[in-house]
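Subject: Handing over the structure, with notes

Dear colleague,

I am passing this structure on to you, and my notes follow below it. Please read them with the model open beside you.

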Amino acid sequence: MAETRGIARFRGEQLNNKLLRNQHFDEANKIAEKYIDLKFHNHREILEDTKIDVFVQVNKKVVAGSTQLDVSGDIGTRTVSTGDKMEGVVLTEKVQLRSAGTDSPIGDSDSDVVYGRLEESKGSYFLKFYSVEGGKEQPYTFDANAGKIDYRFVIRTNLSVIPSDAIIQGGSGFVEGATDAKAYMNLIQLMKDVYGSTGTLDNDGNSNLIVSIQDQVSQEVQDRQDADQAIRDQLASATGAQLIGVATDPNYSGVTLQLALSHLAQRLKSSEDLMNGINDRDADSSNGYFKAGAFGNAEGRILDLEKAADVAFKALSVKVGTIEAADEEEVFEAVGGETEYTLKKGKAKDKTVRLAINGQLQTPGINFTYIKDVSGLITGFNFTPDTLKVVEDVPDVLFIQYKKAE
């Protein structure tokens with residue numbers, strides 16, 4: 001037998017177009033990549049058609065006293081993106097600002113965040129500053145002493161030509177020279193707020209708190225509810241009023257509600273006892289003006305007092321009127337030579353005096369003058385230049401009638 005050359009097999013160059021189809025390949029035995037020669041570099045279309053927005057960060061810009069900056073040099077020759085599929089600078093997004101070298105936002109006078117907006121005019125780019133005042137966007141002017149800032153603007157590009165500085169300077173946070181998600185989210189600060197100054201980010205995926213924050217908050221809410229209920233229960237108890245302080249006031253004593261109420265209640269009880277005690281009179285008064293009786297209440301007794309007093313005052317008034325209407329009389333026999341006479345029974349009211357000598361009525365101002373005190377009351381009479389006489393052993397006789405002043 002002649003020597004064989006081996007089993008005949010297909011060579012690659014023997015396979016014509018469309019000779020092999022999907023069913024000729026075994027899913028379990030895939031062709032190794034080394035046997036496949038694809039020129040990926042020649043197939044950039046998919047990368048170029050995929051658009052992406054990325055940040056570009058610019059650092060240490062001087063803004064003291066400025067409302068805007070000319071940033072044409074920072075933007076370069078980039079054009080303006082006019083749609084989702086158009087590459088270039090995106091003007092519709094706010095420009096984020098930070099204090100230079102930090103991730104700290106910049107605030108205006110009432111702590112609203114200051115931001116920027118890019119505007120393009122005839123190929124030049126301007127970064128204008130804004131903040132929200134009264135719910136509306138308003139231009140913002142940096143203080144003359146303001147420090148430098150970092151800012152980030154957005155460009156729309158494709159995956160095949162992402163700018164070299166898009167990730168290094170753009171990224172998620174304002175961290176010079178690197179993309180740092182921890183700095184952007186400020187996880188370290190958050191960690192210290194949660195765990196305290198000694199906390200660490202150990203990145204093991206396990207909880208560092210024995211009790212979760214949610215459970216702590218829920219427990220705090222429950223404890224607060226229980227404490228509030230305990231306070232309400234205690235206030236509603238017999239000793240609750242002892243817990244409440246009151247303002248100092250001269251109308252009551254005590255520095256707690258309980259003491260103030262007790263003092264007011266005591267005064268009220270004393271008033272009630274007093275009112276109950278004057279509802280009736282057990283016996284006539286000592287002078288008999290007020291009679292015994294039951295009057296029902298304090299008002300009834302007061303009305304009885306008023307009635308009795310009214311009757312007594314009326315009688316007294318009549319008596320006083322009678323007394324005032326009665327004339328006082330004096331008789332005097334002269335011893336001779338008297339130029340005055342002083343009333344012996346009291347002072348007389350003005351215009352109430354009748355003076356007669358030897359039965360002859362005398363006229364004031366002509367036959368005599370009145371002697372008066374500082375109050376104008378009559379205390380006597382002056383006969384100057386005449387005098388009282390005794391003629392043949394018969395004296396002058398004075399007869400005086402008047403109304404007493406007191």
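To begin with a single residue: is K60 buried or exposed? K60 counts as exposed, because its relative accessible area is 51%, where buried means under 20%, exposed means over 50%, and partly exposed lies in between, with a 1.4 Å probe and protein chains only as cover.

Before going on, please keep in mind that this is a predicted model, in which local features need pLDDT of at least 70 and side-chain atom pairs count only at pLDDT 80 or more, while totals for chains, interfaces and linings use all residues. Residues are numbered from 1 along each chain as its sequence is written, and side-chain values use heavy atoms, with hydrogens and water left out.

Backbone geometry

K60 is found in strand β1, and its phi is near 55°, a positive value in a residue other than glycine. Helices (H or I, at least four residues) and strands (E, at least two) are DSSP runs, numbered from the N terminus. K122, in the loop between β5 (115-121) and β6, likewise has a positive phi near 55° without being a glycine, and K122 counts as exposed because its relative accessibility is 83%. A further point concerns the peptide bond from T384 to P385, which is cis, with omega near 5°; P385 belongs to the loop between β16 and β17 (390-391). As background, most residues other than glycine have a negative phi, and most peptide bonds are trans.

The two sheets

One open sheet has 3 strands in the order β12-β16-β15, with antiparallel pairing, where two strands pair if DSSP finds at least two bridges between them. Its edges are β12 (340-342) and β15 (369-372), and because each has a single partner strand, one side of each is left without a neighbour in the sheet. From one strand to the next the twist averages 30°, with axes taken as lines fitted to C-alpha atoms (for helices over the stretch in contact) and angles running from 0 to 180 degrees between N-to-C directions. Within this sheet, β15 is joined to β16 (residues 378-382) by 4 bridges, the two strands running antiparallel, and I371 stands opposite G380 in β16. The hairpin of β15 and β16 has 5 residues between the strands, and there G376 takes a positive phi near 85°.

Another open sheet has 4 strands in the order β11-β19-β13-β14, again with antiparallel pairing. Its edge strands, β11 (328-333) and β14 (360-361), each pair on one side only. Between β11 and β19 (residues 397-402) there are 6 bridges in the antiparallel sense, and V331 has F399 in β19 as its bridge partner.

Cores and surface

The largest nonpolar core has 22 residues, of which L97, F129, F142 and F153 touch the most other members; such a core is a set of buried Ala, Val, Leu, Ile, Met, Phe, Trp, Tyr and Cys residues joined through side-chain atoms within 4.5 Å. Two or more residues are given to this core by each of β1 (51-61), β6 (124-133) and β8 (149-158), and the largest share, 4 residues, comes from β8. There is also a second, separate core of 15 residues, which includes L343, A348, F368 and L398.

On the surface, L20, F25, I31, Y35, I36 and L38 make a nonpolar patch of about 640 Å². Patches are made of residues with over 30% relative accessible area and no salt bridge, like charges being joined within 9 Å and nonpolar side chains (Val, Leu, Ile, Met, Phe, Trp, Tyr) within 5 Å. A salt bridge here is a side-chain nitrogen of Lys or Arg within 4 Å of a carboxyl oxygen of Asp or Glu, and accessible areas come from the Shrake-Rupley method with a 1.4 Å probe, only the protein chains shown counting as cover for residues. F25 sits in the segment before α1 (45-49) and is partly exposed, with a relative accessible area of 46%.

Two loop positions

V71, in the loop between β2 (68-70) and α2 (72-75), is buried, with a relative accessible area of 1%. Its C-alpha atom is separated by 7.8 Å from that of S124, 53 residues apart along the chain. P364, in the loop between β14 and β15, is partly exposed at 41% relative accessible area, and the C-alpha atoms of P364 and V353, 11 residues apart along the chain, are separated by 9.4 Å.

With best wishes
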